[in-house]
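Here are some short exercises on reading a protein chain. Try each task yourself before you look at its solution.

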Amino acid sequence: FSASNIESFSITGKPTGWSDPVIDAANRTITVVSPEKFDDDNDAVKSGSVTLTGKVHGGSTASATLFVGVVDTEDLSRKSANSYLINKKETNYLIDAMYKGDLTGLATSSVDVVWQSQSNLIQYLELKDGKASFYIGADTEDSDKILKGNAVIGAYDANDELIWSWHVWATDYDPEGENGSVELNGYTMMTRNLGALANGNATTSEILASYGLYYQWGRKDPFQGPYTWMMFLNANAGWSNDGIGKFMTLKGLASTKVPSENLVASVQQPYRYIVGISGTQDWLSPDVGGEAYRWSNADGTKGVFDPCPEGWRVPVSGAGAASAWADLNGVWDAERTGCVFAEGNGYYPAAGYINIMSASGSGGGAEAGTSGYCWSASSAGRNGYALTYSVSAIKTEAELTKAWACPVRCVKDVK
């Protein structure tokens, strides 16, 4: 460590079960030894903080906190994607901060949390050897489980401009595990929405957690869903970009008629909803059907703005048999407020959608608890193809306004 104008040092905090840290003031080092074992016979924890307090002239104090831990490291830097599904607790993760999802280079100078769904989800974030390094801990109420939540980590250039960002989905869900996916119309599809932290209906909070995150058609970065169900039903989009559960209205950003400008805005301000352009109600293009390939490329491969984790993608869809959800049969489940599809094809919660009508933030969430929507990667001219469902109908080839933010359900990428 480094210090100046400090007369003396002391340790005022350490992880439970660890040795008392030894300070070498002359060489500016701290030595702390972890326990030999971690089991039920002691209260030792695998990670925590050492707090170093220094006393300055006049009696005032200054302090600094050092993270220490016996943790696994998982290097995800070889997995090119705009989002990362993380399901191992008490692990330090590494993602490549010098490249976009398509391996286009970035001039990253620093990294920071853009938003997180709860405080301390992303811990000890730093840029190290071109990689964003961060730690995900255990659930505070159940140490056997991962601390669940969603976050967006941003890459910033030397001018402190946000130049790219990645979604982190921390969950106990494993799409490769048992009951993690289903086979549907030629696709291997996840059994929950992208960003969902639950898939049940025992409580209202569990239903809300099953909604997942919301995406404008073709954008890579998500918006959080309802803060509370009632607020969402009253047309307010729940938003908490400070990670402490504070309710904020999701603000709109006025679009222009220049697609390149809107695209830059979507990257530099991933937390802003870009209002649909008059005439097309598309956040990106003023032309009907313009910029048709966003989540996918013209050859059908996964696009640079696809929001799904590595090895997964937003499904390509279309009309009739070309729909990713063709011939899907289901029934409305009033108790679970969503659709349960036959033959084990999964539960789709009635998550509604987000629509901001102006830059002042008017509009908000709609139809949560009464209707559900799920984007595909395919353009239908003015609109985008999607799955929609409600108590009255299931539409496997619906067309939705591209400015709307709706949930996404990823499928296995086979190309």
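The exercises below go from the whole chain to one sheet. This is a predicted model, in which local features need pLDDT of at least 70, side-chain atom pairs count only at pLDDT 80 or more, and totals for chains, interfaces and linings use all residues. Residues are numbered from 1 along each chain as its sequence is written, and side-chain values use heavy atoms, with hydrogens and water left out.

**Exercise 1.** Find how many helices and strands the chain has.

*Solution.* Start from the rule: helices (H or I, at least four residues) and strands (E, at least two) are DSSP runs, numbered from the N terminus. The chain then has three helices and 31 strands.

**Exercise 2.** Work out the strand order of the open sheet that four strands form.

*Solution.* Step one: two strands pair if DSSP finds at least two bridges between them. Step two: strand 8 (residues 91-96) pairs with strand 11 over six bridges, in the antiparallel sense. Step three: strand 11 (residues 131-136) also runs antiparallel to strand 10 (residues 123-128), joined by four bridges. Step four: the full order is 6-8-11-10, with mixed pairing. Strand 6 (72-75) and strand 10 each have a single partner strand, so one side of each is left without a neighbour in the sheet.

**Exercise 3.** Name the bridge partners in strand 11 of T91 and Q123, then describe the hairpin of strand 10 and strand 11.

*Solution.* T91 is partnered by I136, and Q123 by Y135. In the hairpin, two residues lie between the strands, and D129 in the turn has a positive phi of about 55°.
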